[in-house]
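Visitor: I'd like to get to know this protein chain a bit better. Could you show it to me and let me ask some questions?

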Amino acid sequence: MTSNVTALISRVASVAASAMLIRSIASELIPHEVLNFVSSQIYGIKKHFSSQFSIVIEEFQGLSKNQVYEAAEAYLGSKGTLSAHRVQAGKSEDDKELTFVIDKNQQVCDDFDGVEVRWKLLCAQVESSNNMSENSRPEIRSYEINFHKKHKEKILNSYLPYVFERGKAIKGANLASKLHKHECEGYWRREAMKFDHPMSFKTLAIDSELKKEIIDDLDKFLNGREFYEKTGRAWKRGYLLYGPPGTGKSSLVAAMANYLNYDIYDLDLTGVDDNLDLKNLILRMNNRSILVVEDIDCSIELQNREEDMEPDNYYQENKVTLSGLLNAIDGLWSCCGEERIIVFTTNHKEKLDPALLRPGRMDMHIHLSYCTFSAFQQLAFNYLGISDHCLFHEIEGLLGELQLTPAEIAEELTKKISSKEPLQEFVNFLHNKILMPVSWESSCDDRSQRSWVGRGGGSSFPIIRGGRRIWRGGRGRRGRMVRVV
């Protein structure tokens, strides 16, 4: 038995040696062109009779990255952790979580509607030479897809588009949002800041019903591609956030960006030279982004559309006009991009031109007012970890008599974090607010500009009765102070 095995091994070794000798002689005697031709013909005959079809996706197209390759890399990263024997793990500054990529020559099997698809990462080393430039790549990477040729139409028309869209979604979801700032002459700064704001709808302290309405509207927008295409509208939406200072307008913008995973473009209109720069800035925004113009009523004094055409203003430099702003956000150029949200914030909605507020420009007007009881419940949970308490009913009644912003309440709760009875102290604070004496402001000489201040900093308003000016406190239901002047 042992002799038979030894004889078999000897024969195999002899055949292998003979094959290597023949190959060596052939490579020396037969030109390489002939060998390559014979090899390609054999490969062609083999592929002709094979039932498999292959698609190759290279990493680069010329000097640009192949978007299909990038999408496939993200898509296979989620599949590779399940079926591949070896994967690469990594994380860049722009990634929220670890990313996984299948390693060289690893194969991943995927199933699409009952069709088996095999992916393989191929890497070919590039021989170095003295003529290689700095941009030359040391290796060429590509994905090879193999499947039965009878499924060719399904793979090309359905599977590959699915992989492309799914891969983009996976990659986009893992990218951290960026905060972009205007630089000069119609350009955004090249290096954007990573947006690390922790605010989310889970912690946002606004009225619970309003919060749900906003989330539902964002979901409709996010899934509205077919709707906007069917109705012939640009895929964009405008939100006007208005209300007193400290009511959560900036926090809402941060929650929207984190919910959608969109970049934020913070536009300061005072830094924009003219309408052309404004248009270029909007055109240079990425898709899936939010354009924010805070305090639009006082950032610049926008000319109205009639004044734009007056001779004295026509050649005026360094001026963004109202018509230029309207055309930038809602004109023909507004369709050059998709999945964009425009947010204006203001403390005084009544100061804005009606042309800015109409549907199609500001589609949803969100009034962020003083703290409601549901908003307080969120704040109490955020700062104190309290979701229910016997004092909640009393606090609800006291908040109904006061006009306090969420920012004021958050600051007061911050002071009470280390207290043994934080809610009782907060109730005392509310009682003191109601009983706080009203003071007479005399910051200006004109008596008509003076106002009563009390109850959380509110001001009074004048009432004319019988030729006398009466100043009446405008907040709360108790302790109104009246002064006849």
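Visitor: Is Leu384 buried or exposed?
Guide: Keep in mind that this is a predicted model. Buried means under 20% relative accessible area. Leu384 has a relative accessible area of 18%, so it counts as buried.

Visitor: And which helix is Leu384 found in?
Guide: Look for the helix that runs over residues 373–384. Leu384 sits in that stretch, and the helix is H14.

Visitor: Which residues is Leu384 in contact with, leaving aside its neighbours within four places in sequence?
Guide: Start with Ser418, which is 34 residues apart from Leu384 along the chain, while their C-alpha atoms are separated by 9.2 Å. For the contacts, skip the neighbours within four places in sequence. What remains is Leu379, Leu413, Lys416, Ile417, Pro422 and Leu423.

Visitor: Let's hop to Arg284. Does it count as buried, partly exposed or exposed, and why?
Guide: Arg284 has its place in the loop between helix H8 (275–283) and strand S14 (289–293). The cut-offs are under 20% for buried and over 50% for exposed, with partly exposed in between. Arg284 is at 35% relative accessibility, so it counts as partly exposed.

Visitor: What does Arg284 touch, not counting residues up to four places away in sequence?
Guide: Tyr187 is a good place to begin: it is 97 residues apart from Arg284 along the chain, yet the C-alpha atoms of the two are separated by 7.4 Å. Tyr187 is also one of the residues that Arg284 touches. Here's the list in full: Glu185, Gly186, Tyr187, Trp188 and Tyr265.

Visitor: Now for a strand. How many of the residues of S12 are buried?
Guide: S12 covers residues 236–242. Lys236, Gly238, Leu240 and Tyr242 point one way, Arg237, Tyr239 and Leu241 point the other way, and all are buried. That makes the strand mostly covered, with a count of 7 of 7.

Visitor: In what sense do S12 and S15 pair, parallel or antiparallel?
Guide: S15 takes up residues 340–346, and there are 7 bridges between S12 and S15. As one example, Lys236 stands opposite Arg340 in S15. The sense of the pairing is parallel.

Visitor: What is the bridge partner of Leu240 in S16?
Guide: S16 is the strand at residues 364–367, and S12 pairs with it in the parallel sense over 4 bridges. Leu240 belongs to S12. Its bridge partner in S16 is His365.

Visitor: Which element gives the most to the lining of the second largest cavity?
Guide: A search of the whole structure finds 2 cavities of 30 Å³ or more, and the second largest holds about 80 Å³ of space. The elements that give two or more residues to its lining are helix H12 (322–330) and S15. Lys236 and Arg340, which stand opposite each other, are both among the lining residues. With 3 residues, the top giver is S15.

Visitor: How many residues in the lining of that second largest cavity are nonpolar?
Guide: The lining includes Ile282, Met285, Leu291 and Trp333. By class, 1 residue is polar and 2 are charged. The nonpolar count is 8.

Visitor: What about open spaces? Which helix gives the largest share of the lining of the largest pocket?
Guide: The largest pocket has about 930 Å³ of space. Its lining has 24 residues, and Lys168, Lys171, Gly172, Leu175 and Arg288 lie nearest its centre. Two elements give two or more residues, helix H3 (67–83) and helix H4 (152–174). The largest share, 7 residues, comes from H4.

Visitor: How many charged residues does the lining of the largest pocket have?
Guide: Sort the lining by class and you get 7 nonpolar and 6 polar residues. The charged residues number 11.

Visitor: And which element gives the largest share of the lining of the second largest pocket?
Guide: This pocket has about 520 Å³ of space, and Ala74, Asp95, Thr99, Phe100 and Asn174 lie nearest its centre. H3, strand S4 (87–90), strand S5 (99–102) and H4 each give two or more residues to the lining. The largest share is 5 residues, and it comes from H3.

Note on methods: Residues numbered from 1 in each chain as written. Predicted model: local features only at pLDDT ≥ 70, side-chain atom pairs only at ≥ 80, totals over all residues. Heavy atoms only, no water. Buried < 20%, exposed > 50% of the residue type's maximum accessible area, 1.4 Å probe, protein only. Pairing = 2+ DSSP bridges. 1 Å grid on protein atoms, 1.4 Å probe; cavity = no way out; pocket = protein on both sides within 12 Å on 5 of 7 lines; lining within 4 Å. Points joined across faces, edges and corners; volume = space filled by probe spheres on them. Nonpolar A, V, L, I, M, F, W, Y, C, P; charged D, E, K, R; others polar. Contact = heavy atoms within 4.5 Å.
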